[in-house]
Structure formats: structure tokens, C-alpha cells
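User: I'd like a close look at one spot in this fold, a single pair of bridged residues. Start there and work outwards, keeping the strand pairings and the side-chain contacts connected as you go.

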Amino acid sequence: MDIKRHIENLRTGGELLEIESAVDGRLELAALTDRMCKTAGPALLFTQVKGSRLALATNLFGSDRRMATALGQESLASFGSWLTQSLVRAKGMSSAERLPRLLQAVETDFQPSARVYQKASLNLLPQLRYWPREQRSFLTLAVVISRGPASTAQNYGLYRVGIAGDKQLTLNLLPGSGARQHLEEWRAAGGVMPVAILLGADPALLLAAAAKLPENCPEESFSALLSQTVFQYCRCQTVPLDCPTSGQLVIEGWVDVVSTLNEGPFGCYTGDYGGSNVCPLVEVSALSMVTDPVIPLTLAGPLPMEDCWIARANLELS
């Protein structure tokens, strides 16, 4: 399901609050989002963020119903039942054996994307600060696409992305993650790692990127299974990667396997100042987006928060 369609479904169901007055992305947006998360409030659509022409949305998955709606289900319990029934129909002694067989039937299709390439500059992105001591702007719910030097198989992971300059980003690649493994492989090979960073991805792909899937279960195929659609993809312009045609904005670039930058005191998705993470740098080579994009964000912090419901959906996969 396209993220804009999910937003319209929430609007129709009375679960979306559209804020048309100008909001500062530095702390004010985070404060409003935190209040909605803590009070079981609606999703928020910010149409005027100071210093940016992009619309932002938060708390899109901040309840059982909203998370389930994004996956085309009535509730997370019904989502779990549907997934269980699908696995039962496949052959195998365990879910780990059955899931790859299900994914073999997933269809893929090469299609041109509606995204249009822009000047390779991050200045059009909003300046976002979630917590007072943060040192730069961050993007959350960013799906990072990577691959190793000796394979065409791609990994889709959900990582925290920091804006370090007009054409530079930081990637918080956690130990044990697929992209971190790829980075080490490129470092050993003496090359630079290609990446594509997808903002406003299909909710099913967001969940697949956040899930811990067996190695023989590609995230793109799993997302197509969840959304019960054909996985449509296109070629990136400046890096040797494929990217889903769905998604609001894509940043292409190359990861320097040597240079790093401390992203600041905030821990990745921890909600406290326990971070001080040294992260690899991305040199941006291209940027493309749809007309009037909407960029979804999530806010980490003291519970309850929206990411609890993404984690709750992941429990149905175990």
C-alpha cells in the first residue's frame, strides 16, 4: 500500500489530524508527536514545516488499528492469523522452511518510477531536531538498500540517517545488521559501498526492513507477500542498485568505508542520551522524488511510542 493511500485511509477513518499552520521541525514537531503518542492520539500530517516545502507525517502506525490498516488488515491479531494460514498452506516442517517457499511465488516487475531527479542537494529536506542536545537533523523510518561486492542480492534495513551537510549523510548501521556486514565486505575489498535511501516507503516494506528474516528470505519479496502485490522496481541512476517504484523520495550515494563522523549523544532509537555513535559517511550522488511528497517519521523516546506498534507487528512474524 502506497504511504499516501495509507494516509488517506486514516483521514477517511477519522484517525488523522492535519496541521496546516507552520510548525518548526526543531523540537516543536517532536513535542506535538510525543504528546499524541502518549495520549493515544491520531496520526499527524504537517503540511507546513518551516524552511521546507515537504510535508511530514508522524504517528502513522501508532495504534493496533493503524498498524494493521497499513498492512490491509482489521487488527494485528487478524494479520497474525492471515500469516499463519499462509504458512500452513506451504510445504515444510517449520516456518523457516515454509516462508522461503512462499516467497518463491512472489512476482517482480520492472517499471519506470514516478519520481523525478532533482539537484543532488539535501537542502530541500526539513531541519529536524527531536531532542534538545542533538547536534544535527535526523531522518527516521529510512529504508536503506545495500549489497555486498560479490553479490547482486540486496538488503533492506531500517536505520537512523543523519544530515551532515548539503551532500553528506551519516548511517547508523548497528552491529549484526545486513548493511553493516556489507560495509565490512566493501572495506575488505577496498571499494566504496553503493546505497539507496528510501523515504516514504510502502508500509509493508517498512515492516519487512524492520523484521529479522532468514537469510534466504529477501525483504522485497516478503513485503510483496504482505501487501499481496507484485513487487515493482526500477534502476537507480547513479548507483548499481534496484529500488522499489513505490516510495516518496530516494537518496542515492556512496558510503566511504574509511571516513566516519560521530552523530552525537543521542542513542539510535533509545530515547535517551546513551549514544555517541561513530557512523560511516555517505556522499550523495542523486536525489529523486514524486510530486508533493509526504515523508513519514517516527519519534523514539520513553514509552509508549509509535515504534512499539511496529515491534508488536513484528511479534506476529515470530
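Analyst: Let's start with I19, whose bridge partner in β2 is F46. Keep in mind that this is a predicted model. The I19–F46 pairing belongs to the contact between β1 and β2 (residues 43-46), where the two strands run parallel and are joined by four bridges. Sitting against this region is helix α2 (residues 28-38), which packs on the sheet and touches β1, β2 and β3 (55-58). The direction of α2 makes about 160° with that of β2.

Zooming out, the sheet is open and has four strands, in the order β1-β2-β3-β14, with mixed pairing. β1 (16-19) and β14 (294-297) are the edge strands; each has a single partner, so one side of each is left without a neighbour in the sheet. Ignoring direction, neighbouring strands here are turned by 20° against each other on average.

Two loops next to these strands have backbone angles you may want to look at. L27 lies in the loop between β1 and α2, and its phi is near 85°, a positive value in a residue other than glycine. L27 is partly exposed, at 36% relative accessible area. At the other edge, D292 is found in the loop between β13 and β14. Phi of D292 is also positive, near 50°, again in a residue other than glycine. D292 counts as exposed, with a relative accessible area of 61%.

That second loop takes us to β13, so let's follow the strands back from there. Strand β13 (residues 278-289) pairs with β12 in the antiparallel sense over 11 bridges, and within that pairing I251 stands opposite L287 in β13. β12 (residues 249-262) also pairs with strand β9 (residues 193-199), antiparallel as well, over seven bridges. One bridge to pick out there is A196, whose partner in β12 is E252. As a general point for reading any such strand, side chains alternate between the two faces of the sheet when the strand is regular.

There's another open sheet to look at, this one with three strands in the order β4-β10-β11 and mixed pairing. Its edges are β4 and β11 (242-244), each pairing on one side only. The twist averages 40° from one strand to the next. β10 and β11 pair in the antiparallel sense over three bridges, and in that pairing the bridge partner of C234 is C243 in β11.

Two cysteines facing each other across a bridge raise an obvious question: how many disulfides are there? The count comes to zero. C234 is in no disulfide, and the nearest cysteine sulfur, that of C243, is 5.6 Å away. The sulfur of C243 is closest to that of C236, at 4.9 Å, which is too far for a bond, given that the sulfur atoms would have to be within 2.5 Å. Both of the bridge partners are buried: C234 has a relative accessible area of 9%, and C243 has 2%.

The same sheet gives us an aromatic contact, so here's the full tally: two aromatic pairs. One of them is F79 with W82, which is stacked, 6.4 Å centre to centre and with 25° between the planes. F79 and W82 both lie in helix α4 (residues 76-89), three residues apart, about one turn of the helix. Both are buried. The pair that involves the three-stranded sheet is F110 with Y233, which is edge-to-face at 5.6 Å centre to centre, with 75° between the planes. This pair links distant parts of the chain: F110 is in strand β4 (residues 108-110) and Y233 in strand β10 (residues 231-235), 123 residues apart. F110 is partly exposed, with a relative accessible area of 45%.

Two more side-chain details round this out. The charged end of R160 sits over the ring of F138, 3.5 Å from its centre. And S221, in helix α8 (residues 219-227), counts as buried at 12% relative accessibility. Leaving aside residues up to four places away in sequence, S221 touches L103 and V106.

Technical notes. Residues numbered from 1 in each chain as written. Predicted model: local features only at pLDDT ≥ 70, side-chain atom pairs only at ≥ 80, totals over all residues. Heavy atoms only, no water. Pairing = 2+ DSSP bridges. Axes fitted to C-alpha atoms, helices over the stretch in contact; angles between N-to-C directions. Contact = heavy atoms within 4.5 Å. Phe/Tyr/Trp six-rings, centres within 6.5 Å; stacked < 30°, edge-to-face > 60°. Buried < 20%, exposed > 50% of the residue type's maximum accessible area, 1.4 Å probe, protein only. Lys NZ or Arg CZ within 6 Å of the ring centre and 35° of its normal.
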